[in-house]
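I opened a notebook for this protein and meant to go through it one region at a time. These entries record what I looked up, in the order in which I looked.

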Amino acid sequence: MSGQEELFSAVDALLEHIAQDDLPAPAERKRLREAAGLTQDQVAKALNTRREAVGNWETGKTEPRPPKRAAYARLLEGLAARFPAPDSTTAPAAAAPEPFHGPADAPAQPPAATTKEPARSTRPSSTARRSSAHQTAKKPATTAPPVDPRFANGPLAVIDAADGEVSAYCVGGLVLDVPAKSVPALVEWTLTEAKLGQPRLHRNGKDADPLLVLTEAACERYGLPAALSDEERLAGRIPESHKVVKQVKKADWQLTRRGFGPWARIYRPAQGAQRTCVQLCIPSWHALDFRHWGDAADLPPAELARVLGTYATRVMTPRGSTAVTGLELMTALRPPTRAVQDEGTGRWVSAPNPGALTEAVDCAPCEAPDAHPLLADLPRFHQRTPAEVLREEAYDWARPLTDEECMKPFLVGIDVNMAFAAAANRTLVGLGAPVHVNTPRFDPNLPGSWLVDLSRIRFDPRLPSPFTPDGEQPEGPAWYATPTVAYAVELGHEVRPIEAYIRPEHAAYLDGWYTRLRDAYVATMADLGVTPDLDPAAFLDAMAGHKEADPELAIVLAAIKATVKGGIGKLRERGRQGWRPGQRWPALDRPTWRPDIRAAVISKARVNMHRKMLKLARATGQYPVAVLSDCAVYASDGPSPLDFLPYEDGKPLPGGFRLGVSPGMVKHEGTQTVLWAEGLREEHGDFLNLARYIKTGTVTAMDSGE
């Protein structure tokens, strides 16, 4: 290259660098294109990229990269000169929504609400109480996104009946009068007048169906039982002979296979691109599990609408349990199909979406849980060894205290925030079926299951092994997920896999899922007074009483955390009632039935935990005495994490545990005395896992096996 060409290349690089910050806001990009009468296809063709990429630039989901970024900046600059922004003092006309170029058979939106405005209640009931509560709640200064007029009244409503009237309590304190006299009429009203629902989370996905939450009074008003009988609860639904089920079917509505249960779906088959469906949630039928939703089912209608509405806005409209919703969120953010134009006919058809789980695939034999059809040939009651089955589970490890640790007065537990969500971030997972290979060369960027012998790698006995859930040393070859083997390589050890099941097609499938749940968690914590800018001492003070700051938002926080753990667990859903070992169960036919992805996330979470414990041990000589999943317990001279976590000039140990609110950072789980621990050990045994009880200090009969 000549000297002049080198100068020109350097100048071009500078121009591209300048273009990095020279793009208008995403909404302005779309306005400029529409003002010029250009389609996304035309812009994409000019920039030699895909139409979907242009759409993502206009929504802010992604940003163009060089060299296309400089060219895109130049296009927008030229359009801005010809079509300047309107005067800010003039209210701009609402832009028409961009048409959805989807296949004719793609599931689409609920019908657009009619122009009739639902009547608002003037009764000063719980609506006024909720408004006063909102005035005292702390709220982050955020800009609300534009409201989709089809869903002007929010994603859901709590239906309640009182004094002969039925009311719908919506998000934001709005109360609507409900004229419907029956369940079918209630469904019709929801789809035609209520303006309930939620826009899709991905352009190739579908809008969320409106959710109606029926109180006990509403159930009685519409002829439903206030609670399920023991037989109905065991079946998970009311019988087909119930009069309300007959009403629904007589009105040409249908129920899904699970029937009219705590999370019922009432729908009519899609007509072309028209989707017609309403979901019901009935808390008095145990729709809201106490373990994940706390006392939400007992809240007044307005407060329940706030809790579920906040969750729906930050995560997604609930689709069932938090586990089901966590799994559905993966699909909503990475839909399996997208619309493409057939080159021959010019028609829009459905095609697999790159980077998504598009079809159900069988797992590898080592990844299959016990009684899976792939294992039907094994002898009955056969116990598979580590060389036969992939066992990537969270830590459950404990050891006796040393004499030096017994001299310290306290045991302090620290817990990793959203540990499994943090592990899901930037984790490559397979998209297709496994491929079996013998004596492969290990690649840390290749998702899969590897049969390798890590038993020669030794650690201080005061640390758990990173390779097994119980922290014990491996005894020979065993199956491991990629993150576990990669950690052995990171520690400087050579690995030689014997065989592997690899997945050549892979992507960071869970990145969007992590981001959505991280933002929901951080925003809810900020509402509770715990923000990322707090120093360690202030963070611990804020955490000490954050649940009391707003008990309703504390319920939302618990549900968000349950969505993470439940969603990961649902990737390996087992057979349910009526299933027999060796038979297939319905979950196996789901693209998201992926035990290998669950194993990779749990493997990475355990490795992350070990890496931090190893850093702390090497820097300070402190070792954990117990580890349970994402909680580690240390002997300490004081009752606070700051009494044993090293901080120098306010900065934590690089690569170690760090106090803070973000996922992957840690919080104080609980403190007990060493005397308490010794008493438990004398009563229940030396290897009782103290991390399980560090928060409350109480061991129940069930925990102790009595």
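**Entry 1: a helix and its cover**

What covers the buried residues of α10? I was working with a predicted model, and in it I found that the cover includes α7 (183-192), β5 (254-255) and β6 (263-271). I then looked up which residues are meant, and in α10, which spans residues 243-250, Val244, Val245 and Val248 are buried. Looking down the axis of α10, I saw its buried residues fall within an arc of 100°, so they line one face of the helix. On the face turned away from that buried side I noted the exposed residues Lys243, Lys246 and Lys250. Just after α10 I also wrote down Asp252, which takes a positive phi of about 65°.

**Entry 2: the sheet of seven strands**

I followed β5 and β6 into an open sheet of seven strands, whose order is β3-β2-β1-β4-β7-β6-β5 and whose pairing is mixed. Its edge strands are β3 (175-177) and β5, each of which pairs on one side only. Within this sheet I looked at β1 (residues 156-162) and β2 (residues 165-170), which pair in the antiparallel sense over six bridges; for Asp160, the bridge partner in β2 is Ser167.

Which helices did I find packed on this sheet? One is α7, which touches β2, β3, β4 (211-214), β6 and β7 (274-281), and whose direction makes about 125° with that of β7. Another is α12 (residues 301-314), which touches β1, β2 and β4, with a direction that makes about 170° with that of β1. I noted that α7 thus appears in two places in my entries, as part of the cover over the buried residues of α10 and as a helix packed on the sheet.

**Entry 3: two helices that cross**

I turned next to a pair of helices, bearing in mind that two packed helices are described by the angle between their axes and the distance between the axes. The axes of α2 (residues 26-35) and α5 (residues 68-82) come within 10 Å and cross at roughly 60°, and the crossing is left-handed. From α2 the contact is made by Arg29, Leu32 and Arg33, and from α5 by Tyr72, Leu76, Leu79 and Ala80. How do the residues of this contact divide into nonpolar, polar and charged? I recorded five nonpolar, no polar and two charged.

**Entry 4: the sheet of five strands**

I then looked up an open sheet formed by five strands in the order β10-β18-β19-β11-β22, with antiparallel pairing. The edge strands here are β10 (396-398) and β22 (666-673), each pairing on one side only, and the twist averages 20° from one strand to the next. Seven bridges join β11 (residues 410-416) to β22, and the two run antiparallel; Val412 stands opposite Thr671 in β22. Helix α21 (residues 595-620) packs on this sheet, touching β11, β18 (626-628) and β19 (631-636), and its direction makes about 15° with that of β19.

Thr671 led me on to Gly697, since I wanted to see what lies 26 residues away from it in sequence: the two are 8.4 Å apart in space, C-alpha to C-alpha. Gly697 is found in the loop between α22 (674-684) and α23 (701-704), and, not counting residues up to four places away in sequence, it touches Gln672 and Trp676.

**Entry 5: strands β15 and β9**

Is β15 largely enclosed by the rest of the structure or open to the outside? Four of the five residues of β15 (residues 477-481) are buried, so this strand is largely enclosed. It pairs with β14 (residues 448-453) in the antiparallel sense over five bridges, and the bridge partner of Ser449 in β15 is Ala481.

In strand β9 (residues 348-352) I looked up Pro352, which counts as exposed at 57% relative accessibility. Pro352 lies 17 residues from Pro335 in sequence and 8.8 Å from it in space, C-alpha to C-alpha. Leaving aside residues up to four places away in sequence, Pro352 touches Pro336, Thr337, Arg338 and Thr358.

**Entry 6: the protein as a whole**

I closed with the totals, where the secondary structure comes to 23 helices and 22 strands and buried residues make up 48% of the 706 residues. Of the contacts with a separation of 6 or more, 71% are accounted for by residues 24 or more positions apart.

Conventions. Residues numbered from 1 in each chain as written. Predicted model: local features only at pLDDT ≥ 70, side-chain atom pairs only at ≥ 80, totals over all residues. Heavy atoms only, no water. Buried < 20%, exposed > 50% of the residue type's maximum accessible area, 1.4 Å probe, protein only. Arc of directions from axis to C-beta. Contact = heavy atoms within 4.5 Å. Pairing = 2+ DSSP bridges. Axes fitted to C-alpha atoms, helices over the stretch in contact; angles between N-to-C directions. Left-handed = near helix turned anticlockwise from the far one by under 90°. Nonpolar A, V, L, I, M, F, W, Y, C, P; charged D, E, K, R; others polar.
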